[in-house]
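Hello,

Here is the structure I promised to pass on to you. Please have a look at it first, and then read my notes below.

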Amino acid sequence: AVRLLRNGELVAVPTETVYGLAADARNPDAVMKIFAAKDRPRSHPLIVHVHNAECLSQWASDIPDAAYALAVAFWPGPLTLLLKKAPGVNCTVTGGLDTIGLRVPDHAVLRHVIEALGSGLAAPSANPHKKLSPTSAQQVMACLDGKIAAVLDGGNCTVGLESTIVDLTTDEIRILRSGPITRGQLEAVLGQPVILPQQHTMAVPGNMQVHYQPHTPLHILTHQALITALQHCDSSRCAVLAFGTPSSELRQIPVHTCIAMPQDKQAYASVLYQRLYELDQLQPACILLEQPPQTEAWLDVNDRLGKAASPLAN
């Protein structure tokens, strides 16, 4: 994998969040291949994965103390820090912006690759633009085979959702993408408020209205709305993702497939993309997902579901 990356090739790599489509971040030609393989807009910046916090100064400038405090608390882990880029960083990886997203992944195999490469890895999720993020090597091969040089199989991703992105480029610290690291956790480390806007226009990974979509139409419904929908359609063609053990009312309705999702948030997040991928392979007419809790702890899950869902026809 390191040899391929040094030669300017693309390698899908495992992280604790999702599989990334990696190229040497110092090689603009290699980075351009990422955009081509994913059919991703070139103005959409990429996150650079580095070996440890000591690498920050190689990629960023004007680094605030808050960055190091968060790195100590959460790296390696699913937290991306948005900082001012260092002068020598090529604009290909930043989408032409003067900022850069950096993180240290919590995956020993990937950190070994980064250390051996002696550079950073630009690595967005290893999937076609706007489609389901992959959490296994099998998923990567299903959607990118023939477009990349290799997949480094590091097993299934343990976290299963993309990292939290925190903007540290101003005095006002903001979360630009909800993720496994919550606002409360950030505030506990920083000792100051962290803003979580309902929406924003910053160009960061994941900030688009439609994203993370399976090929099969996905609809998010409350429990009662789910029952009603199944009673008024050909339920045998619908796949269902129930929140916890399916209710007796739901079990009485014949459906294409019914999968019980965990009620624990971390367990739910770790299998969400995998379950959606598995149902996609079965080709039901639609996927009906029972809405999980609408609390702050579930913000990242609900953010991804909201962008993955299709409008429900009347």
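**Charges and overall form**

The protein carries 23 positive and 27 negative charges, and their mean positions lie 5 Å apart. Please keep in mind that this is a predicted model.

On overall form, the C-alpha trace spans about 60 × 45 × 30 Å along its principal axes. A compact globule of 314 residues would have a radius of gyration near 20 Å, and the protein agrees with that because its own value is 20 Å. Buried residues account for 54% of the 314 residues. The accessible surface comes to about 13,500 Å², and 49% of it belongs to carbon and sulfur atoms. In secondary structure, I can offer you 11 helices and 14 strands. If you take the contacts between residues at least 6 apart in sequence, 65% of them join residues at least 24 apart.

**The cores**

In soluble globular proteins, nonpolar side chains tend to be buried together. What does the largest nonpolar core look like here, and which residues touch the most other members? That core has 50 residues, and the ones that touch the most other members are Leu79, Leu102, Leu168 and Leu186. Several elements give two or more residues to this core, among them strand 2 (20–24), helix 2 (28–38), helix 4 (65–74), strand 5 (79–85) and helix 7 (183–190). Strand 6 (99–103) and helix 6 (137–144) also belong to that list, as does helix 3 (56–59). There is a second, separate core of 24 residues, which includes Ala269, Leu272, Ile287 and Val301.

Leu168 is a good place to start browsing. Setting aside residues up to four places away in sequence, Leu168 touches Pro64, Ala66, Ala67, Leu70, Leu81, Leu82, Leu83 and Ile173.

From there you can step to Leu70, which sits in helix 4. Is Leu70 buried or exposed? Its relative accessibility is 0%, so Leu70 counts as buried, the cut-off being under 20%. Beyond its neighbours within four places in sequence, Leu70 is in contact with Trp75, Leu79, Leu81, Leu168, Leu186, Val189 and Leu190. With Leu186 the separation along the chain is 116 residues, while the C-alpha atoms are 7.4 Å apart in space.

**Two more buried residues**

Val50 is found in the loop between strand 3 (47–49) and helix 3. Val50 has a relative accessible area of 1%, and so is buried. Apart from neighbours within four places in sequence, the contacts of Val50 are Cys55, Trp59, Leu102, Arg103, Val104, Pro105 and Ile114. One of these, Leu102, is also among the residues that touch the most other members of the largest core. If you would like a distance to Val50 from elsewhere in the chain, take Glu172: the two are 122 residues apart along the chain, and their C-alpha atoms are separated by 25 Å.

Phe35 is part of helix 2, and with a relative accessible area of 3% this residue is buried as well. Not counting residues up to four places away, Phe35 touches Arg40, Pro41, Arg42, His44, Leu46 and Thr92. Between Phe35 and Ile220, 185 residues apart along the chain, the C-alpha separation is 30 Å.

**Loops to look at**

Where does Asp153 lie? You will find Asp153 in the loop between strand 8 (150–151) and strand 9 (164–167). Asp153 is exposed, with a relative accessible area of 57%. Leaving out neighbours within four places in sequence, Asp153 is in contact with Tyr19 and Ala137. The C-alpha atoms of Asp153 and Val13 are separated by 7.1 Å, although the two residues are 140 apart along the chain.

Some backbone details are also worth a glance. The peptide bond from Trp75 to Pro76 is cis, with omega near -5 degrees, and Pro76 has its place in the loop between helix 4 and strand 5. Asp39, in the loop between helix 2 and strand 3, is not a glycine but has a positive phi of about 60 degrees. Asp39 is exposed, at a relative accessible area of 64%. Asp62 is not a glycine either, and its phi is positive at about 50 degrees. Asp62 belongs to the loop between strand 4 (60–61) and helix 4, and at 69% relative accessibility it counts as exposed.

Happy browsing, and best wishes.

Definitions and conventions:
Residues numbered from 1 in each chain as written. Predicted model: local features only at pLDDT ≥ 70, side-chain atom pairs only at ≥ 80, totals over all residues. Heavy atoms only, no water. Core = buried A, V, L, I, M, F, W, Y, C linked by side-chain atoms within 4.5 Å. Buried < 20%, exposed > 50% of the residue type's maximum accessible area, 1.4 Å probe, protein only. Helix = DSSP H or I, 4+ residues; strand = E, 2+ residues; numbered from the N terminus. Contact = heavy atoms within 4.5 Å. Rg over C-alpha atoms; globule rule 2.2 N^0.38 Å. Areas by Shrake-Rupley, 256 points an atom, 1.4 Å probe, with all protein chains shown as cover. Lys, Arg positive; Asp, Glu negative; His and termini not counted. Charge placed at Lys NZ, Arg CZ, Asp CG, Glu CD.
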